[in-house]
Structures are given as structure tokens and as C-alpha cells.
Amino acid sequence: MTHSLDRTDPLAPLRDRFALPDGVIYLDGNSLGPLPRATPAAVADAVERQWGERLIRGWNEGWIDAPVRLGGKLAPLLGAGAHEVIVGDSTSANLFKALVAALRVSPERRTIVSEAGNFPTDLHIAEGAVACVPGARLHVVPCDEVAAALGPDTAVLLLTHVHYKTARRWNMAALTAAAHEAGALMLWDLSHSVGAVPLDLDGAGVDLAVGCGYKYLNGGPGAPAFLYVAQRWQDRLASPLSGWMGHAEPFAFADAYHPAPGMKRWLAGTPPVLGMAALEVALDLWAQTDIAAAWVKAQALWTILADAGTAAGLECVTPADPAERGSHISFRHPQAHAIVQALIARGVIGDFRAPDIARFGLTPLYLSHAEVERAGAILHEVIATEAWRAPEYQNRQAVT
Ligand SMILES: *Cc1c(COP(=O)(O)O)cnc(C)c1O
């Protein structure tokens, strides 16, 4: 196969900054990013020196500021101001805080609008949020009816920017404008966007956003997540999880709650220092990475795998237009589970999403064009020889 792809790779030096096992082509960095080489030493330092030797003094030597400091480091990847981002809690918890805050800021508007087929936690958390706010309700519609579903009762539109299954990407500026036209707030879930595609939250006029630390950001399993609140909302929105770490003066130990100014009010409890240490290494790596260059390379990687899968006869469910997708690719096949198992046995790690999706992350920091080409050849071979029919790949209980 001949490609007119641009294979210059300014990101190639980054490959050595990751510790990937030999013989593995890792196409699942969109689900759990791999280990940066600098992470074990940083986590060991946090445990042995900071915790072991500094003990309680650690809180005054960087721990207490970690949520704000890491938020500032993440902000450039979001197209946000450093003062608009905080790191902490999980994406699910941050979604809950943002949704309830959005419902409470405009009591005359009672509806959360979201898309059917959204990532499960988004809809589950929205269900939980409306149950906590009197009169609130959740309106879930197919994605082509989202704009028409907005109206005078809409408090907030909740969308996942890049869809976890199909990689379909919403037009952020257009949907944000549609939400605003209806008088609603716009809340984006960026779990499959951050570290994958360039983002401009401030430029698009976004109100609220959340996302993951452990996918494209490479912050480690269960890494702290993030929350973005546009500057103009910061004094008006408040967290329903009014914990002491979000208090204006946590160490005054007052009975009554007074939210801190700025992003600190979104903190609830004590930050997870060890998880923060791992995520900070990853964010420092990102600080040396040009996301625009990463996205250019990701598009070339995507085309290589798209061509291989399509040539093998697979149905690609991800939009071909780079403006309409993120950085992973999904193929639909009734035997997608067995196909993914067969690929894993051959060193190509992707994942399966029920009922019939084989999904592959094209992550340009540590994948080369040659590796993705090799993965494509293996995919082609597994399909052409029907290697996936082997009995060992038929067990649906197998964990991927
Ligand atoms: C991965 C992902 C999450 C994860 O939420 P957690 O609270 O970290 O489990 C949430 N939303 C979307 C869209 C995701 O892709």
C-alpha cells in the first residue's frame, strides 16, 4: 500500500520517555496511558522522602497546593487560563459537582440535556444530580436531536466531546453557542479529548468541563481528574460537595462553610498526594509536547490503521474527517471481541466495547508510524486467516 502521508516525526524523541514492554504495540493509551519513565522515581520520592522523612511537613512543602499547581500545568492543553482549572477527585465526582452547581445557579431552569449513548457514568451521574435538586429532570435525546432539545427550561447541556466508542467529535464552538442561545450552560466531558486533540475552551466560550487524568494524559491508573470553570462563573457557582478543603479558610476550623475564591472551592476533601505525584510527571511531559504537532501525527497514524482495517473488510465507524473525530478508531464486527483477543495474543493491545466494537487508540507520543503499520498488518492477517476463530479467543469472560 502506498501512502502520501507525512511521516516526519518531531515527536520521536518522546518515545524513550515511556516505559513500554518489549513486543507490545500499545493501542489502548486512550483507556489507560502507559507509564512515563520518570514516574516511578517521582512516586518513590513522594513516598520515601516526602512522606517518610518530611512527614506532616509535606503539606507545607507542596502537597496542599498540588490541585491548583497541577491545574495550572494542565490549563494550556485545554486552552484555559491557569486559574480556571483544578485537579482532583474523579471525572464522575467532578461531573456531579458541575451539574448540581449549574442546576442551582438558574432556579427557573430545571433540565439537564444530554445525548443517548453517552459514556455511562455521565448519564448515571446526571440521574443522581437531578435526584438531588428539587424539580430537576434529565432529558436524554439521540445526538441529532440535541440542538432541538434545548429550550427555556434547559439549565445545562452535557456532552462528551469525543465519543468513547465511535470517536465522533462534536463541534465544540457550535454546540456551546447553541446552548448559550437557549440560555443554558455548556458542560463538556473531555475524557477522550484532552491530550488527543487541541482544545480551546476559553475561545469557544465553554462554561464548564471535566475530564480524566489516566487516559491520554498518562497520569496512572485512577489518576486524579480535572474540572474547568470559566472565569466569569467562578464567583457565582458553588460546589454541592462543600468540604473543608474548598473552604475559604480550611485551617480556621470554623463551623460554617464559606467557599474559597477561585477554583479551590471545588475541592472537597484532602487531595490524593501519591496520585498527584504520578500525574504531575505526566503533565510535565506534556508541557514539553506540542499538542498541535501531536494531533498532526495522530492523523497520520489514524490513516494507516484505517486503511489497514478497511482493506481487511472491516467497517470503520469513526468519521473519516479529522475535524469530526478524536484520536482513536473503532471498527464494527460481530466477532469484535474474539478479534481483539487474537490481536492481544499477537502483541497488539486494543480493546473491545460491547457489543461489537474493536477500538484502537492512536497515541502519537510513543507510537511510531512503523508500529501502527505493523499493527495494521497483524489486524489484516487476523481477519484474512480468521485466526480469531480459535477456541481460546471465544471466552467472553476474559478481561481485556
Ligand atoms: C473514561 C471516562 C470517564 C471516567 O470517569 P471516572 O470517574 O474516572 O471513572 C468519564 N466520562 C467519559 C466520557 C469517559 O470516557
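This briefing describes a seven-stranded sheet, the helices that lie across it, and the interface between two domains. The structure is a predicted model. Its chain is divided into domain 1, comprising 12–30 and 290–393, and domain 2, comprising 41–286. Between them, the two domains bury about 1900 Å², and the rule finds zero salt bridges across their interface.

**The sheet**

- The open sheet consists of seven strands in the order β2-β8-β7-β6-β5-β3-β4, and the pairing is mixed.
- The edge positions are taken by β2 (85–87) and β4 (137–141); each has a single partner strand, so one side of each is left without a neighbour in the sheet.
- From one strand to the next, the twist averages 20°.
- Strand β7, residues 208–211, pairs with strand β8, residues 226–229, in the antiparallel sense, and four bridges join the two.
- Leu208 has Val229 of β8 standing opposite.
- In general, the strands of a sheet pair through backbone hydrogen bonds, in either a parallel or an antiparallel arrangement.

**Helices across the sheet**

- Helix α4, formed by residues 120–132, lies across four strands: β3 (111–115), β4, β5 (154–160) and β6 (185–189).
- The direction of α4 is at about 150° to that of β4.
- Helix α6, formed by residues 172–181, lies across β5 and β6 and runs at about 145° to β6.
- Strands β5 and β6 thus feature in the description of α4 and also in that of α6.

**Extent of the domain interface**

- A distance of 29 Å separates the C-alpha centres of domain 1 and domain 2.
- On the domain 1 side, 27 residues are in contact with domain 2, where 19 residues take part.
- Of the area of about 1900 Å² buried between the domains, 63% is on carbon and sulfur atoms.
- Within domain 1, the residues that lose the most area to domain 2 are Asn30, Ile291 and His328, which together account for 27% of what that side buries.

**Polar character and contributing elements**

- Eleven residue pairs are in polar contact between domain 1 and domain 2, counting pairs with both residues at pLDDT 80 or more.
- Salt bridges between domain 1 and domain 2 number zero under the rule applied.
- The elements giving two or more residues to the side of domain 1 that touches domain 2 are helix α9 (291–311) and strands β10 (328–332) and β13 (357–361).
- Helix α9 gives the most to that side of domain 1, with three residues.

How values were computed
Residues are numbered from 1 along each chain as its sequence is written. This is a predicted model: local features need pLDDT of at least 70, side-chain atom pairs count only at pLDDT 80 or more; totals for chains, interfaces and linings use all residues. Side-chain values use heavy atoms; hydrogens and water are left out. Two strands pair if DSSP finds at least two bridges between them. Axes are lines fitted to C-alpha atoms, for helices over the stretch in contact, and angles run from 0 to 180 degrees between N-to-C directions. Contact means heavy atoms within 4.5 Å. Domain bounds come from an automatic or database domain assignment. Buried area is the accessible area (1.4 Å probe) that two parts lose on being put together, summed over both. A salt bridge is a side-chain nitrogen of Lys or Arg within 4 Å of a carboxyl oxygen of Asp or Glu. A polar contact is a pair of N or O atoms within 3.5 Å; within protein, one must be able to donate a hydrogen and the other to accept it, and residues adjacent in sequence count only if both atoms are side-chain atoms.
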